[in-house]
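Here's a quick briefing for anyone opening this structure for the first time. Have a look at the sequence and the fold, then work through the notes below.

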Amino acid sequence: MNFEHTEERRMLADSLNRFIAEQYHIEARNRTAASEQGFSTEFWQQFAELGVLGALLREEDGGFGGAGFDIAVVFEALGRGLVLEPVLGSAVLAAEAISFAGNDEQKAALGEIASGDVIAAFAHDEPNTHYELARVQTTARREGDAWVLDGVKAVVQAAEGANVFVVSARTSGDVDAEQGISLFLVPKDAPGVSVRGTPTMDGGRVGDVTFAGVQLSEAALLGAEGAGYAALERAVGRGILALCAEAVGAMEAAKEATLDYLRTRKQFGVPIGSFQALQHRMADLLLEIEQARSTVINAAAALDADRITRERALSAAKMSIGRIGTLVAEECIQLHGGIGMTWELPMAHFAKRLVLIDHQLGDEDHHLERYIALGRAVQQDPAAA
Amino acid sequence: MDLNFTPEEEAFRAEVRAFLAEKLPKRLSDKVANGKHLSKADMEEWHAILNERGWLANHWPEQYGGPGWTAIEKFIFENECALANSPRIVPFGVNMLGPVLIKYGNEAQKQYWLPRILSGADWWCQGYSEPGAGSDLAAVKTTAVRGTDAEGDHYIVNGQKTWTTLGQHANMIFCLVRTNREAKKQEGISFLLVDMNSPGIDVRPIITLDGEHEVNEVFFTDVRVPAENLVGEENRGWTCAKYLLTYERTNIAGVGFSVAALARLKRIAGEQTRNGKPLLEDPTFASRLARVEIDLENMKTTNMRVIAAVAGGGVPGAESSMLKIRGTEIRQEILSLTRRAMGVYARPFTQDMLDADFAAEPFGPDFAAAATAQYFNNRKLSIFGGSNEIQKNIISKMILGL
């Protein structure tokens with residue numbers, strides 16, 4: 001048993017934390033969030049140079065990391081800085097789908113993702129889905145030796161800034177069948193692709209992406225036809241871990257800000273942190289954040305385990321983070337009082353991110369249900385574990 | 001980062017399991033598993049079995065008869081015992097007084113009392129709480145006045161202790177007593193060892209809400225205690241008291257108990273039905289169950305993180321307050337769900353249903369009476385050992401700096 005990160009990971013975390021603390025100021029971050037692109041190309045390149053992207057990819061994919069604890073370390077640091085750049089969509093979600101399902105030629109693109117030269121976006125959620133992984137209405141049909149893609153993908157991170165999309169589409173089967181989902185690599189400038197972008201409440205831009213009769217060559221098919229579900233699950237699993245770790249970083253930042261406030265803000269002639277009603281709420285938060293940290297460790301450790309163990313740990317983590325992240329956000333606002341309601345207060349932006357992380361890759365309810373269903377699968381068929 | 005036990009720790013766990021499989025009498029583990037009463041003789045039997053193996057005083061250094069285990073080994077041992085439904089070690093002599101004597105006792109006290117703890121010659125109980133000193137422990141009022149007579153130096157003790165767990169079995173009690181009424185309240189306290197058979201001691205049962213006789217009141221009227229029974233310096237007893245309270249809380253989260261209780265709950269929820277289906281498949285019940293199971297999985301890792309942090313030999317500080325709060329909440333939630341799982345049969349109850357030789361047909365499922373009794377009995381978890389609110393005060397002060 002050992003809860004220390006390796007020397008390499010500690011060094012990466014240290015340099016990333018230092019860079020973010022010194023360079024990634026919240027005021028500039030908030031201006032960038034409201035900018036046309038929603039993130040900074042300059043910072044994107046700097047993060048790539050710092051090894052943020054490479055650390056998320058395995059060696060054979062052109063990176064130098066890619067393990068669960070690499071993801072955890074990087075995203076906790078990104079969470080502390082409320083980083084806007086589309087690391088999750090490109091170097092985790094899209095990259096893992098390509099790594100898992102892609103052929104050698106397609107995987108060659110991973111090097112460009114690792115260097116930051118290519119930004120990939122993961123286009124899977126749809127307007128009529130509510131986090132269900134297998135529910136895919138976008139269709140792809142063969143026409144001669146080409147594929148034709150039709151459908152809409154919802155709330156794709158940095159859709160406008162991306163060069164290429166990983167798109168899930170139904171090539172056979174019922175609308176919510178795991179079988180019959182295929183993945184495609186679609187260049188953003190392909191005819192028939194249009195993006196309707198928007199800023200978000202928690203910073204950065206997303207977009208609904210419409211594919212209208214988009215013609216794709218056979219080379220665009222990622223993995224075997226109809227067998228895309230497994231790749232989706234793997235990609236989303238890593239994404240869940242990343243979001244959970246990001247949330248822990250944001251929780252730490254929100255907690256520190258709130259503690260500072262409790263120590264300095266005076267009412268009735270004393271710091272409000274001297275009031276037991278507030279002390280106990282803060283003690284509860286501390287305890288919950290430690291549980292959140294443990295859940296991320298459990299998920300990171302399970303990332304290479306058998307499917308049921310891995311997916312249960314990931315759902316347990318996302319469920320825990322959904323619950324705790326929302327609690328931390330709400331409590332930190334409450335403990336700040338009126339000032340907690342203001343745009344001016346950095347903590348408020350952490351609170352928004354914490355709440356809205358629960359709206360990515362499945363919320364508390366979704367993952368609680370999934371955790372139960374996966375457990376039932378083990379009971380009915382112990383071999384499934 | 002590695003959540004696995006080392007090969008050495010795995011080997012140790014296998015050794016503990018083999019020992020439990022061989023030495024833990026089924027008669028005792030059945031009682032524990034089924035929530036039945038344990039007699040004084042049952043508890044003494046288990047102590048003797050552990051002592052024979054040298055595992056009874058597992059927090060003590062080797063030179064005093066401890067096994068010299070690491071924090072992780074202690075954790076493994078405690079967990080395996082809980083999973084095997086072993087009786088718990090009665091902590092007052094072995095886990096509480098022993099470490100205090102080892103740190104603050106004089107040579108004569110160590111040589112006399114420590115072997116008697118191991119052999120079971122003495123059954124110790126704890127004289128800390130008083131009617132006016134619960135969470136505010138330093139407010140103890142029981143007095144000890146020093147004097148000398150023909151038989152030598154002594155203290156005369158007057159006052160009352162309460163919540164004395166298993167005091168009805170004890171022949172010795174360690175007490176916090178006030179030896180200086182002028183000093184600040186923490187500074188006038190001494191740590192005294194008192195023979196329960198002394199004239200002037202009166203033990204009266206307190207029956208808890210589940211009908212159980214577990215705790216007692218102990219009254220002291222002009223009780224004469226030899227001065228040699230003072231541990232540490234006079235008026236410095238608070239140091240011993242605090243040391244005892246914070247010492248070795250590796251198992252304060254009770255993870256092993258929770259894991260064992262959760263396994264039992266799942267078995268029960270697989271047998272009890274709602275809408276014609278096992279409770280396990282009832283969405284509302286399954287969701288409550290999954291929430292506590294996930295919290296427990298997280299807690300296991302939090303507990304291991306604290307243990308790993310102190311594995312170098314330190315004593316866990318305020319972190320153990322976090323373990324205590326959440327660990328007891330989880331245990332209480334599992335027991336609450338177990339009670340819920342019994343439906344209408346959570347209600348029939350008499351004390352003798354918890355006797356191992358209860359011969360009558362049970363009302364409802366086997367565990368029904370025990371489920372309700374354990375639920376009520378374990379409301380104590382968030383109250384004793386420093387209430388969970390006191391733990392939050394400690395966290396605020398020691399970790400948060402508020």
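Let's start in chain B, where strand β2 (residues 143-149) runs antiparallel to strand β3 (residues 152-161), with seven bridges between the two. Keep in mind that this is a predicted model. From there we'll go through the strands of both chains, then chain A as a whole, the cores, the contact between the chains, and one tryptophan.

**Strands in chain B**

- Just two residues make up the link in the hairpin that takes β2(B) into β3(B).
- If you'd like a pair to click on, B:Thr143 has B:Asn158 in β3(B) as its bridge partner.
- β3(B) also pairs with strand β7 (residues 213-226) of chain B, again antiparallel and over seven bridges.
- In that pairing, B:Lys161 is matched with B:Val218 of β7(B) as its bridge partner.

**Strands in chain A**

- Over in chain A, strand β2 (residues 139-143) and strand β3 (residues 146-157) run antiparallel and are joined by five bridges.
- These two strands, β2(A) and β3(A), form a hairpin with two residues between them.
- Have a look at A:Gly144 in the turn, which has a positive phi of about 65°.
- A:Arg142 sits opposite A:Trp147 of β3(A).
- β3(A) has strand β7 (residues 205-217) of chain A as an antiparallel partner too, and nine bridges hold that pairing.
- There, A:Gly151 is the residue opposite A:Phe211 of β7(A).

**Chain A as a whole**

- Chain A has 13 helices and 10 strands.
- Its radius of gyration is 21 Å, close to the 21 Å that the globule rule gives for 385 residues, so chain A is as compact as a globular protein of that length.
- Along the principal axes, the C-alpha atoms of chain A fill a box of roughly 80 × 50 × 40 Å.
- Of the 385 residues in chain A, 54% count as buried.
- Take the contacts in chain A between residues at least 6 apart in sequence: 75% of them join residues at least 24 apart.

**The cores**

- The largest nonpolar core has 180 residues, and those with the most contacts inside it include A:Ala97, A:Phe184 and A:Cys244.
- Helix α9 (residues 229-264) of chain A gives the most to this core, with 21 residues.
- A second core, separate from that one, has 51 residues, among them B:Ala57, B:Trp60, B:Val90 and B:Phe174.
- Back in chain A, what does A:Cys244 touch once its neighbours within four places in sequence are left aside? The list is A:Thr295, A:Val296, A:Ala299, A:Ala317, A:Lys318 and A:Ile321.

**Where the chains meet**

- The contact takes in 32 residues of chain B and 30 residues of chain A.
- On the chain B side, the elements that give two or more residues are α9 (283-310), α10 (319-341) and α12 (388-399).
- α9(B) supplies the largest share of that side, with 14 residues.
- By type, the chain B residues that touch chain A are 16 nonpolar, eight polar and eight charged.

**One tryptophan to find**

- You'll find B:Trp69 in the loop between α3 (40-53) and α4 (71-83) of chain B.
- Why does B:Trp69 count as partly exposed? Because B:Trp69 has 18 C-beta neighbours inside 10 Å, and a residue needs 20 or more to be buried, or 12 or fewer to be exposed.
- Not counting residues up to four places away in sequence, B:Trp69 touches B:Asn58, B:Lys74 and B:Phe77.
- B:Asn58 is 11 residues from B:Trp69 in sequence, and their C-alpha atoms are 6.8 Å apart.

Notes
Residues are numbered from 1 along each chain as its sequence is written. Chains are lettered from A and ligands numbered from 1 in the order in which they are written. This is a predicted model: local features need pLDDT of at least 70, side-chain atom pairs count only at pLDDT 80 or more; totals for chains, interfaces and linings use all residues. A nonpolar core is a set of buried Ala, Val, Leu, Ile, Met, Phe, Trp, Tyr and Cys residues joined through C-beta atoms within 7 Å. Helices (H or I, at least four residues) and strands (E, at least two) are DSSP runs, numbered from the N terminus. Two residues are in contact if their C-beta atoms, placed from the backbone, lie within 7 Å. Ala, Val, Leu, Ile, Met, Phe, Trp, Tyr, Cys and Pro count as nonpolar, Asp, Glu, Lys and Arg as charged, and the others, Gly among them, as polar. Two strands pair if DSSP finds at least two bridges between them. The radius of gyration is taken over C-alpha atoms; the globule rule is 2.2 Å times the number of residues to the power 0.38.
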